[in-house]
Each structure stands twice: as C-alpha cells, then as structure tokens.
Amino acid sequence: MRKLVYYVAVSLDGYIAGPGGEFDFYPLADDMSAWIDAHYPEPMPTSIRALTGMPVDTPNKNWDTVLMGRGTYEAGGIANPYAHLKQYVISSSLGPSADPAVEVVAGDPVALVRELKRSEGLDIWLCGGGNLAAQLVDEIDEMIIKSYPVVAGSGIPAFAGAFTPTLFTPARRLEFTNNAQVTWYSRA
C-alpha cells in the first residue's frame with residue numbers, strides 16, 4: 001500500500017510559510033540543496049529544474065503523486081508546477097484547472113487519499129498547506145520535516161486545525177552546514 005508523506009520545511013515556531021505565503025526566509029546551504037536534489041528530486045518544479053542544473057527528465061524516486069491545497073498551488077504561480085507528478089489540488093472554491101494535468105478536487109481529501117493509497121504507484125507527497133495537512137493528519141504515514149533555525153513569528157502553521165495530538169516517532173535525522181535538520185518521523 002502506498003504511503004502519504006508530508007514533506008515540508010518548518011521554522012522553529014512551526015510555520016511552513018509567512019503570512020503572505022513567503023518561504024524565502026529559510027537559510028540555504030549548498031550541501032543541503034545538493035542532498036535534497038539527489039534524494040528528493042520530486043519537489044523541484046518542472047519548469048525550474050533546468051535553471052538549477054537538474055535534468056528536466058530526472059526520474060521520480062519517492063513519489064509519483066502530489067496533493068496540495070489551493071494556497072500552496074497558487075503560491076507557486078505556475079499552472080502545472082509538477083508536470084513529472086500526478087497533481088491534485090484540494091479546493092472547494094477553485095474552479096476546474098486551466099491545465100488538464102492538474103486535477104482540482106472539491107470533495108473529501110480523506111476519501112481521495114484512501115483511494116490513492118489503494119492504487120499502484122510510488123508514495124504520495126503531501127506538499128501543503130497547513131489546512132490540508134490538518135484534515136489529513138490521520139492519513140499521514142510519514143513526515144519528512146526540514147527544520148530550519150529561524151523563527152518566523154507568524155504565518156501558515158504546519159497543521160492548521162483542531163487540537164488533535166497525534167504521536168509520531170523520529171526514525172532518522174541529518175544536519176547540514178546551515179544548521180537545518182531533516183528528520184524522518186513514522187506514525188507511532
């Protein structure tokens with residue numbers, strides 16, 4: 001069965017983006033960027049790959065499907081951001097996508113995830129945002145959290161929902177020269 005993996009960058013105070021969707025405040029490091037590109041190429045938008053030196057046709061290693069909320073989808077400003085993945089935007093207010101490669105789903109995200117988990121393929125990447133992550137917390141099998149040593153102060157929380165304590169167990173951690181850490185968490 002496929003897993004739902006929440007792969008996301010988070011500030012020390014739990015924000016995945018600033019109040020206006022900003023994410024450029026995370027300190028970058030060449031060693032971290034190179035490691036991410038080598039191990040998790042899928043989050044690199046298709047149209048930006050060539051600009052960063054990543055071959056456009058780099059094969060997917062972990063995920064072949066991405067789920068994102070409307071805010072995450074619109075923040076990128078690209079109609080078809082992940083042409084190398086099957087793309088779902090979960091939104092009850094966004095009309096049909098202008099790009100046929102992006103499927104807008106107005107219904108229950110839990111039902112969609114359960115259906116996707118039963119289908120064949122690589123795992124499923126939960127890209128964001130915080131509202132969608134909170135709706136899907138019971139379906140998240142693994143989290144890969146890129147923790148950056150910065151306090152945002154306010155913004156979009158990693159989980160923006162009801163108080164629902166959910167236990168995960170840290171499985172592995174790496175640290176980079178920018179003092180950021182990547183930690184893998186499994187459902188306890």
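Ser11 touches Phe25, Tyr26, Tyr148, Val150 and Ala152, leaving aside residues up to four places away in sequence, where contact means heavy atoms within 4.5 Å. Ser11 is found in the loop between strand 1 and strand 2 (15-17), helices (H or I, at least four residues) and strands (E, at least two) being DSSP runs numbered from the N terminus. At 4% relative accessibility, Ser11 counts as buried; buried means under 20% relative accessible area, exposed over 50%, and partly exposed in between, with a 1.4 Å probe and protein chains only. This is a predicted model, in which local features need pLDDT of at least 70 and side-chain atom pairs count only at pLDDT 80 or more, while totals for chains, interfaces and linings use all residues. Residues are numbered from 1 along each chain as its sequence is written, and side-chain values use heavy atoms, with hydrogens and water left out.

From this loop the view can widen to the sheet. Eight strands form an open sheet in the order 5-4-3-6-1-7-10-9, with mixed pairing; two strands pair if DSSP finds at least two bridges between them. Strand 5 (102-105) and strand 9 (168-175) stand at the edges with a single partner strand each, so one side of each is left without a neighbour in the sheet. Neighbouring strands of this sheet are turned by 25° against each other on average, direction ignored, where axes are lines fitted to C-alpha atoms, for helices over the stretch in contact, and angles run from 0 to 180 degrees between N-to-C directions.

Within the sheet, strand 7 has its pairing described on both sides. Strand 1 and strand 7 pair in the parallel sense over six bridges, and Val5 stands opposite Glu142 in strand 7. Six bridges also join strand 7 to strand 10, and these two run antiparallel, with Ser147 opposite Gln181 in strand 10. Five of the six residues of strand 7 are buried, so this strand is largely enclosed by the rest of the structure. Elsewhere in the sheet, strand 3 and strand 4 (residues 86-90) pair in the parallel sense over five bridges, and Gly69 stands opposite Ile90 in strand 4.

Helix 1 lies across strand 1, strand 7 (142-147), strand 9 and strand 10, running at about 40° to strand 10. Asp31 lies in this helix and, at 31% relative accessibility, counts as partly exposed. Asp31 touches Phe176 and Thr177, again not counting residues up to four places away in sequence, and although Asp31 and Asn178 are 147 residues apart in sequence, they are 8.7 Å apart in space, C-alpha to C-alpha.

The interior comes next. The largest nonpolar core has 26 residues, and those with the most contacts inside it are Met32, Tyr40, Trp125 and Ile144; such a core is a set of buried Ala, Val, Leu, Ile, Met, Phe, Trp, Tyr and Cys residues joined through side-chain atoms within 4.5 Å. Strand 1 (4-10), helix 1 (30-39), strand 3 (63-69), strand 6 (123-128) and strand 10 (181-187) each supply at least two residues of this core. Apart from it lies another core, of 23 residues, among them Leu126, Leu132, Ala133 and Ile140. Ile144 touches residues that include Val5, Tyr40, Trp63, Val182 and Trp184.

Aromatic rings provide a further set of links. Rings of Phe, Tyr and Trp (its six-membered ring) pair if their centres lie within 6.5 Å, planes under 30 degrees apart counting as stacked, over 60 as edge-to-face and the rest as tilted; by this rule the count comes to 12 aromatic pairs. Tyr7 and Trp125 form an edge-to-face pair, 6.4 Å centre to centre with 75° between the planes, and this pair links distant parts of the chain, with Tyr7 in strand 1 and Trp125 in strand 6, 118 residues apart. Both are buried, Tyr7 with a relative accessible area of 3% and Trp125 at 3% relative accessibility. Tyr82 and Trp125 also form an edge-to-face pair, at 5.2 Å centre to centre and 75° between the planes. Tyr82 lies in the loop between helix 3 (70-76) and strand 4 and Trp125 in strand 6, so the pair ties together parts that are 43 residues apart in sequence.
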